[in-house]
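Let us walk through this structure step by step. Keep the sequence and the 3D view side by side as you read.

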Amino acid sequence: MLLSNSSQAMGETLRLIADIGGTNARFGLCNRVGEVFDVRILPCVDFPGPAEAAEAYLSAVKPNRRPDRAAFDVACPVVGDRVSLTNRNWDFSIEQVRTTLGLNDLRVINDFAALALALPHLGSNDAERVGGGTPLSGFPMAAIGPGTGLGVSACIPIAGRWVPLACEGGHVTLTAVDDREAAIAVILRRRFGHVSAERALTGPGLVNLYSAICELDGVEPDSSITPAEVTRRGLGGTCATCADALAVFCRLLGTAASNLAMTLDARGGVYIAGGVVPRFIPYFQSSGFRERFEHKGRFSDYVAAMPTYVVTHALPAFVGLAHYVNSD
């Protein structure tokens with residue numbers, strides 16, 4: 001997929017696409033063959049809703065032309081016409097936004113469903129392999145993405161088409177495999193009640209793991225530590241607890257990804273997305289992730305045949321949205 005800062009030919013039909021999170025709304029235009037251009041990032045705090053943000057974007061890049069259809073992804077569940085972002089006070093009607101923007105068609109889907117739609121279209125330079133396995137065509141492709149939250153989705157082949165699966169799989173119960181992980185889970189359970197995968201497998205989850213390991217080992221925690229600091233100190237070897245937290249994070253993610261792969265029969269591949277893991281890919285490739293991914297007893301050979309990747313494409317959701325907005 002082409003990503004360009006320059007406008008395309010004047011006669012082309014335009015489609016508007018937007019990747020809307022709690023902090024930023026990323027806008028772009030695409031044509032009928034899925035080429036994306038004129039990408040802009042707008043802070044959500046500057047606008048009362050997506051219609052106003054889209055109008056500002058279109059006025060800046062195409063003041064004299066209007067797209068005829070659009071596809072937005074949002075960081076929240078999408079059920080019916082009303083959409084309420086989880087981490088931003090944007091509550092809107094899809095139909096009202098469509099009318100305001102003068103669109104013939106506006107499609108709104110979950111952000112990880114959009115990412116899942118991108119998986120069949122990623123090129124060899126858009127993802128880094130982790131471990132062995134061979135992708136099989138015609139089988140589901142799964143995505144799990146640690147970021148501020150934990151996104152989970154899949155792309156399922158049905159009747160010759162790829163259909164995205166929108167779900168809240170990041171909130172399944174965290175699975176501990178060994179005694180140390182179980183002890184960490186006990187501490188987290190005392191703090192949170194239910195310990196979802198998202199409590200550990202996110203940026204904030206790295207801090208949760210760090211503080212739980214401090215308590216477990218009788219170490220005084222750094223109360224001001226951030227996810228970036230846990231990662232930096234862990235990778236640099238300047239803090240044994242941070243290094244342990246990072247290692248536990250990778251193993252727990254291996255278990256979560258493996259459980260997802262088995263549930264979906266994801267022989268098309270399992271993709272690690274989100275903003276956390278791409279920051280330390282070389283470490284991740286040599287971590288306990290893949291060993292834990294394949295740790296499935298009698299079914300170890302089954303999951304060992306499934307490839308795993310880290311998504312490195314700058315805007316993978318745009319790949320999915322560009323295909324989604326042009327689908328019938």
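Start with one acidic residue. Glu 229 has a relative accessible area of 21% and is partly exposed. A residue counts as buried under 20%, so Glu 229 does not fall in that class. What does Glu 229 form a salt bridge with? The partner is Arg 233, and the closest N and O atoms are 2.9 Å apart. Both residues belong to helix α6, which covers residues 227-236. They sit four residues apart there, about one turn of the helix.

Other charged side chains are linked into a group. Asp 178, Glu 181, Arg 251 and Arg 292 form one network, joined by salt bridges that share partners.

Keep in mind that this is a predicted model. Its average pLDDT is 93, and 97% of the residues reach at least 70. One stretch scores low: over residues 5-9, pLDDT stays under 50. For that stretch the model has 12 contacts beyond four places in sequence.

Back to the charged pairs. How many salt bridges are there? The count comes to 18. Side chains of opposite charge can pair when their charged atoms come close. Helix α2, residues 94-101, gives an example, with Arg 98 and Glu 95 three residues apart. Because of that spacing, about one helical turn separates the two. Their side chains meet in a salt bridge, at 2.6 Å from N to O. Arg 98 is partly exposed, at 22% relative accessibility. Glu 95 is partly exposed as well, with a relative accessible area of 39%.

Arg 82 and Asp 91 make another salt bridge. Their closest N and O atoms lie 2.7 Å apart. Are these two residues buried or partly exposed? Arg 82 has a relative accessible area of 45%, so it counts as partly exposed. Asp 91 is also partly exposed, at 42%.

Now turn to the sheet. Six strands form it, in the order β9-β14-β13-β10-β11-β12. The sheet is open, and its pairing is mixed. Strands β9 and β12 (161-166) are the edge strands, each pairing on one side only. On average, neighbouring strands are turned by 25° against each other, direction ignored.

Which helix packs on this sheet? Helix α7, residues 240-264, does so, and it touches β10, β11, β12 and β13. The direction of α7 makes about 150° with that of β10.

Look next at how individual strands pair. Strand β10 (residues 141-146) meets strand β11 (residues 150-158) in the antiparallel sense, over six bridges. Within this pair, Ile 144 has Val 152 of β11 as its bridge partner.

Strand β14, residues 308-311, has partners on two sides of the strand order. Strand β9 (residues 127-130) pairs with β14 in the antiparallel sense, over four bridges. Here Arg 129 stands opposite Tyr 309. Strand β13 (residues 270-272) runs parallel to β14, and three bridges join them. Here Ile 272 stands opposite Val 310.

Which way do the side chains of β14 point? Thr 308 and Val 310 point one way, while Tyr 309 and Val 311 point the other way. All four of these residues are buried. By contrast, Glu 229, where this walk began, is partly exposed.

Note on methods:
Residues numbered from 1 in each chain as written. Predicted model: local features only at pLDDT ≥ 70, side-chain atom pairs only at ≥ 80, totals over all residues. Heavy atoms only, no water. Buried < 20%, exposed > 50% of the residue type's maximum accessible area, 1.4 Å probe, protein only. Pairing = 2+ DSSP bridges. Axes fitted to C-alpha atoms, helices over the stretch in contact; angles between N-to-C directions. Contact = heavy atoms within 4.5 Å. Salt bridge = Lys/Arg side-chain N within 4 Å of Asp/Glu carboxyl O. pLDDT = per-residue confidence, 0-100.
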